[in-house]
Amino acid sequence: MTDLTIVIPCYNESGNIGNLVREINTALLSGPSYEIIVVDDGSADGSAEEAAAAGDHTRVLCHKKRAGKSRALISGFRAAHGRWIATLDGDGQNDPMDIARLWPRLERASPALFAGVRKRRNDGIVKLLTSRSANFVRKRLLKDDCRDAGCGFKILPAVVAQSLPYFDNMHRFIPALSRRAGLPVIEVDVEDRPRLAGVSKYGFFDRAAVAFLDTVGVFWLIRRYSDPVSVTEMNNVGS
């Protein structure tokens with residue numbers, strides 16, 4: 001079984017995605033066995049072709065039309081072969097070297113969500129303020145103890161990632177949903193780099209306008225959660 005799958009949602013990231021794939025291959029050259037899954041979310045700029053041509057270990061999944069970052073992540077999770085799944089944003093702002101630095105710790109770790117916290121933010125003022133306000137509301141209501149839920153850098157066991165429920169903007173609640181599944185959340189400092197090309201594709205409405213309703217919905221989901229029941233099957237004791 002593969003040690004690690006890196007899932008990268010990508011929408012019109014030509015100029016970024018190929019460089020990111022090459023960086024991952026360099027960073028993990030002497031590390032775990034791994035695969036890279038780029039989920040092209042209906043791009044129209046050749047992002048899928050750029051990712052496929054960028055290097056080894058890469059699989060490219062393509063949505064016929066844009067379905068959103070959360071759907072792209074779920075598509076990648078369900079196709080993953082790794083024991084652990086890492087997520088990186090397709091814009092290249094997450095540094096693959098953070099995976100390489102963290103891997104020796106993961107090899108010894110019990111199951112947990114390792115959630116990135118950006119040391120410094122390369123965001124505009126509007127994006128920064130909306131992110132901080134959404135984090136404040138989410139932390140107060142969901143009590144997920146996560147300082148930077150919007151950070152694209154996450155690593156968690158594949159068995160948990162593949163069982164996460166899908167809904168729009170699910171990606172912003174991975175820490176809360178992981179806690180719901182019984183995982184501890186461990187925060188790790190990670191880099192946040194400037195883009196090489198293009199602009200953010202998942203915009204203001206995705207971050208702010210629906211954030212409160214999403215948070216209320218996840219609060220309800222967590223409150224309705226019940227622990228899974230262990231099931232065993234008896235041997236046939238008949239003749």
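Which residues does Ile6 touch, not counting residues up to four places away in sequence? Let's work that out together, in a model that is predicted.

**Exercise 1. List the contacts of Ile6 and place the residue in its core.**

Step 1. Setting aside residues up to four places away in sequence, Ile6 touches Ile24, Leu28, Tyr34, Glu35, Ile36, Ile37, Ala86, Leu88 and Ile99.

Step 2. Now look at the core. Ile6 is among the residues with the most contacts inside the largest nonpolar core, along with Leu4, Ile8, Ile24 and Phe153. That core has 28 residues.

Step 3. Two or more residues of this core come from each of β1 (2-10), α1 (17-27), β2 (34-41), β4 (82-87), α4 (97-108) and β7 (185-190).

Step 4. Another core, of 25 residues, lies apart from it and includes Ala72, Ile74, Phe77 and Leu164.

**Exercise 2. Find the buried residues of α1 and the elements they pack against.**

Step 1. Going along α1, you will find Ile17, Gly18, Leu20, Val21, Ile24, Asn25 and Ala27 buried.

Step 2. Turn to the neighbours: the buried residues of α1 pack against β1, β2, α2 (47-52), β3 and α4.

**Exercise 3. Decide whether Ser70 is buried or exposed, and describe its surroundings.**

Step 1. Start with the location: Ser70 belongs to helix α3 (residues 69-79).

Step 2. Compare its area with the cut-off. Buried means under 20% relative accessible area. Ser70 has 3%, so it is buried.

Step 3. Check the helix as a whole. In α3, 8 of its 11 residues are buried, namely Lys69, Ser70, Ala72, Leu73, Ile74, Gly76, Phe77 and Ala79. They pack against β1, β2, β3 (58-63), β4 and α6 (158-161).

Step 4. Follow the side chain of Ser70. A polar contact of 2.7 Å links it to the side chain of His171, and it reaches the backbone nitrogen of Asn169 at 3.3 Å.

Step 5. Complete the picture: not counting residues up to four places away in sequence, Ser70 touches Tyr166, Phe167, Asp168, Asn169, Met170 and His171.

**Exercise 4. Describe the largest cavity and its lining.**

Step 1. Begin with the count: the structure holds 1 cavity of 30 Å³ or more. The largest cavity has a volume of about 80 Å³.

Step 2. Name the lining: Lys69, Leu73, Thr87, Asp89, Ala149, Gly150, Cys151, Gly152, Lys154, His171, Arg172 and Ile174.

Step 3. Sort these lining residues by type, and you get 4 nonpolar, 4 polar and 4 charged.

Step 4. Link back to Exercise 3: His171, one of the lining residues, is the partner of Ser70 in the 2.7 Å polar contact.

Note on methods:
Residues are numbered from 1 along each chain as its sequence is written. This is a predicted model: local features need pLDDT of at least 70, side-chain atom pairs count only at pLDDT 80 or more; totals for chains, interfaces and linings use all residues. Side-chain values use heavy atoms; hydrogens and water are left out. Helices (H or I, at least four residues) and strands (E, at least two) are DSSP runs, numbered from the N terminus. Buried means under 20% relative accessible area, exposed over 50%, partly exposed in between (1.4 Å probe, protein chains only). A polar contact is a pair of N or O atoms within 3.5 Å; within protein, one must be able to donate a hydrogen and the other to accept it, and residues adjacent in sequence count only if both atoms are side-chain atoms. Contact means heavy atoms within 4.5 Å. A nonpolar core is a set of buried Ala, Val, Leu, Ile, Met, Phe, Trp, Tyr and Cys residues joined through side-chain atoms within 4.5 Å. On a 1 Å grid over the protein atoms alone, a cavity is a set of points where a 1.4 Å probe fits but cannot get out, and a pocket is an open set with protein on both sides within 12 Å along at least five of seven lines; lining residues have an atom within 4 Å of a point. Grid points are joined across faces, edges and corners, and a volume is the space filled by probe spheres set on the points. Ala, Val, Leu, Ile, Met, Phe, Trp, Tyr, Cys and Pro count as nonpolar, Asp, Glu, Lys and Arg as charged, and the others, Gly among them, as polar.
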